[in-house]
Amino acid sequence: MSAARRYAAPLAVILVLLGAWELAARWDLISNALNIEDFLVPAPSDIAQSLWRDRSLLADDSWVTLREVLLGFLCALVAGLAFAVILHLSDTLRRAFYPLLVASQTIPPVAIAPILVVWFGFGIGPKVLLIALICFFPVTVNTLDGLRSVDPQLITMMRTLGAGRAQILGRVELPSALPFFFSGTKIAIAVAVIGAVFAEWAGAGSGLGHQILIASSSLLTARMFAAITLLSVMAIVLFALVSLIERRVVTWDRRDVTRA
Amino acid sequence: MLTRLRESTSDAAVEDRTSEATPKTLDAIGAPVSVSGVAHSFGELRAIERIDLEVAPGEVIGIVGPSGCGKTTLLELVAGLRPPDAGGVSVGGHAEAAERLERCAYMPQRDLLLPWLSAVDNAALALRVAGVPRATARARAGEHFERLGLAGFEGSRPNELSGGMRQRVAFLRTLMAGRPVLLLDEPFASLDAITRAEMQAWLAAALGPASRHTVLLVTHDVEEALYLSDRVLVLSSRPACVCDRIEIEGPRTPDRAAAVTSRQFAELKQRALRSLAEGAR
């Protein structure tokens with residue numbers, strides 16, 4: 001299927017929806033139905049206008065949020081990979097820490113965001129920390145699953161070739177776990193942006209999440225939607241980047257090395 | 001015990017063979033393998049009852065038996081990958097598991113090639129594990145590609161190779177470990193009949209008469225065992241014990257078609273199949 005044909009259908013759906021929204025907003029259908037002022041329901045063209053008019057403001061905020069997301073995400077990748085390897089190498093540690101790992105994921109990020117701000121202030125620190133906390137779980141769990149799903153016969157084969165624990169890890173288990181690691185990474189990057197918004201809402205002086213809060217209290221709904229659009233675009237682009245790297249790195253079928 | 005005296009005991013013969021374009025790593029001096037009164041169970045399940053086996057250096061032993069009779073377990077016991085419940089194993093005079101593992105190269109039924117490595121990198125895996133630099137390891141493994149009919153495929157990934165080629169890469173990987181004892185676990189079971197016949201002839205040529213590897217070849221194919229081996233052990237169904245030992249006269253030959261259609265071969269095959277049927281009861 002050609003690129004044009006692949007993207008034609010979703011593109012048409014988006015255009016139709018945008019068009020319908022544009023008309024509904026222009027004719028005040030939505031505001032009348034909700035019984036609110038008509039300026040509170042911006043049309044897509046108003047949002048586009050805001051994106052252009054507020055571009056320098058939004059660019060600054062985007063940069064702040066992007067930096068938080070990337071830093072938090074990278075911290076989670078490094079920590080998640082290291083933690084997965086440690087839990088893989090030690091049965092005792094895995095049994096001890098795995099429930100804690102799951103439990104850590106049950107705490108809503110909205111709930112810990114204010115605590116992190118209380119403890120670490122209004123700087124970039126608590127944002128990075130919250131994003132890292134959210135991203136850590138999918139990376140660790142997926143990588144650990146990957147490490148543990150290696151075909152045991154491959155391990156035996158490596159042992160007969162004289163490989164020790166470190167060699168088996170480096171030459172077989174880690175490469176085998178790469179596709180799983182990327183699955184976790186893709187989930188992580190998608191939720192990282194959500195984490196950034198929560199963190200900024202808890203206390204920040206800039207960033208797209210902060211901008212949404214400010215614009216909403218000033219009833220600048222077009223600017224709110226503009227910031228939301230940018231957040232969404234950011235997540236999509238980052239996701240696409242990770243997918244691109246994955247396709248470059250993982251050039252084999254993961255089933256070739258996992259238990260049948 | 002031995003069906004034929006191997007000349008490899010004399011130094012002159014060794015010298016002669018090394019010059020025959022048979023590369024160094026393929027010529028690790030064979031080591032004797034001794035299995036005495038070995039038994040093994042998996043919990044309640046008795047896999048191996050009691051097996052005795054003496055293999056001389058350079059000898060090829062075929063081991064046939066019904067499915068699930070513990071043939072693979074026997075190889076794992078020899079290699080030191082599993083401790084036996086009773087009895088003893090020694091390889092090259094060493095009884096400790098770690099020492100045995102160092103002397104055995106194990107080739108599993110599935111090729112188990114690493115899909116992210118090229119054919120030559122897969123073949124060179126043992127060298128890389130031993131700390132040989134990548135370029136040297138590739139060069140040393142690459143030397144054998146032509147002889148193995150793999151020339152031109154050095155850089156190919158496993159998924160670009162045919163089943164027979166993958167199996168040959170796996171065999172080369174086993175050989176490159178440079179161990180005196182080869183444990184081959186149904187090496188051709190996953191191939192179609194025609195490719196399997198080709199690979200058997202190829203293995204016969206690769207193993208000898210120049211090779212001095214001691215080989216334990218596990219298979220469920222009686223013909224394969226009789227064709228490739230000096231001696232064939234027929235195992236009974238679980239718990240496995242040796243129910244027949246068949247000695248094969250004459251040297252191993254790469255001419256498979258001639259070998260497997262001879263009258264002598266047919267008689268041995270009949271005997272092996274009868275023993276197998278009796279042992280399966």
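Chain A has 11 helices and 0 strands in this predicted model. Read along the sequence, its pattern is therefore an unbroken run of helices, α-α-α-α-α-α-α-α-α-α-α. The C-alpha trace of chain A spans about 75 × 55 × 30 Å along its principal axes. A compact globule of 260 residues would have a radius of gyration near 18 Å, whereas the value for chain A is 23 Å. Of the 260 residues in chain A, 35% are buried. Among the contacts in chain A with a separation of 6 or more, 75% are between residues 24 or more positions apart.

Two helix pairs in chain A can be followed in detail. The first pair is helix H4 (residues 55–89) and helix H11 (residues 221–249) of chain A, which pack with their axes 11 Å apart and at an angle of about 40 degrees. Angles under 35 degrees would count as roughly parallel and those from 65 to 115 as roughly perpendicular, so H4(A) and H11(A) are oblique to each other. Their crossing is right-handed. On the H4(A) side, the residues that meet H11(A) are A:Leu58, A:Asp61, A:Ser62 and A:Leu66. They face A:Ala226, A:Ala227, A:Leu230 and A:Met234 in H11(A). By class, this contact of H4(A) with H11(A) has 6 nonpolar residues, with 1 polar and 1 charged.

The second pair is H9(A) and helix H10 (residues 208–217) of chain A. Here the axes are 7 Å apart and the angle is about 55 degrees. That angle makes H9(A) oblique to H10(A), and H9(A) passes H10(A) in a right-handed crossing. H9(A) contributes A:Ala196, A:Val197, A:Glu200 and A:Trp201 to the contact, and H10(A) contributes A:Gly209, A:His210 and A:Leu213. These residues divide into 4 nonpolar, 2 polar and 1 charged.

H9(A) also takes part in the meeting of the two chains. In total, 17 residues of chain A are in contact with 18 residues of chain B. Helix H8 (152–160) and helix H9 (165–202) of chain A each supply at least two residues of the side that touches chain B. The largest share of that side, 6 residues, comes from H8(A). By class, the residues of the side of chain A that touches chain B are 8 nonpolar, 6 polar and 3 charged.

In chain B, the place to look is helix H2 (residues 71–79). Of its 9 residues, 8 are buried, so H2(B) is largely enclosed by the rest of the structure. The buried residues are B:Lys71, B:Thr73, B:Leu74, B:Leu75, B:Glu76, B:Leu77, B:Val78 and B:Ala79. After H2(B) comes B:Gly80, which has a positive phi, near 85 degrees.

From B:Gly80 the reader can step across to B:Glu96. The two are 16 residues apart along the chain, and their C-alpha atoms are separated by 7.7 Å. B:Glu96 sits in the loop between strand S4 (86–91) and helix H3 (97–103) of chain B. B:Glu96 has 11 other C-beta atoms within 10 Å, and a residue with 12 or fewer counts as exposed. B:Glu96 is therefore exposed, while B:Glu76 in H2(B) is buried.

Notes
Residues are numbered from 1 along each chain as its sequence is written. Chains are lettered from A and ligands numbered from 1 in the order in which they are written. This is a predicted model: local features need pLDDT of at least 70, side-chain atom pairs count only at pLDDT 80 or more; totals for chains, interfaces and linings use all residues. Axes are lines fitted to C-alpha atoms, for helices over the stretch in contact, and angles run from 0 to 180 degrees between N-to-C directions. Helices (H or I, at least four residues) and strands (E, at least two) are DSSP runs, numbered from the N terminus. Angles under 35 degrees count as roughly parallel, over 145 as roughly antiparallel, 65 to 115 as roughly perpendicular and the rest as oblique. A crossing is left-handed if the near helix is turned anticlockwise from the far one by less than a right angle, and right-handed if clockwise. Two residues are in contact if their C-beta atoms, placed from the backbone, lie within 7 Å. Ala, Val, Leu, Ile, Met, Phe, Trp, Tyr, Cys and Pro count as nonpolar, Asp, Glu, Lys and Arg as charged, and the others, Gly among them, as polar. The radius of gyration is taken over C-alpha atoms; the globule rule is 2.2 Å times the number of residues to the power 0.38. A residue is buried if 20 or more other C-beta atoms lie within 10 Å of its own, exposed if 12 or fewer, and partly exposed in between; C-beta atoms are placed from the backbone.
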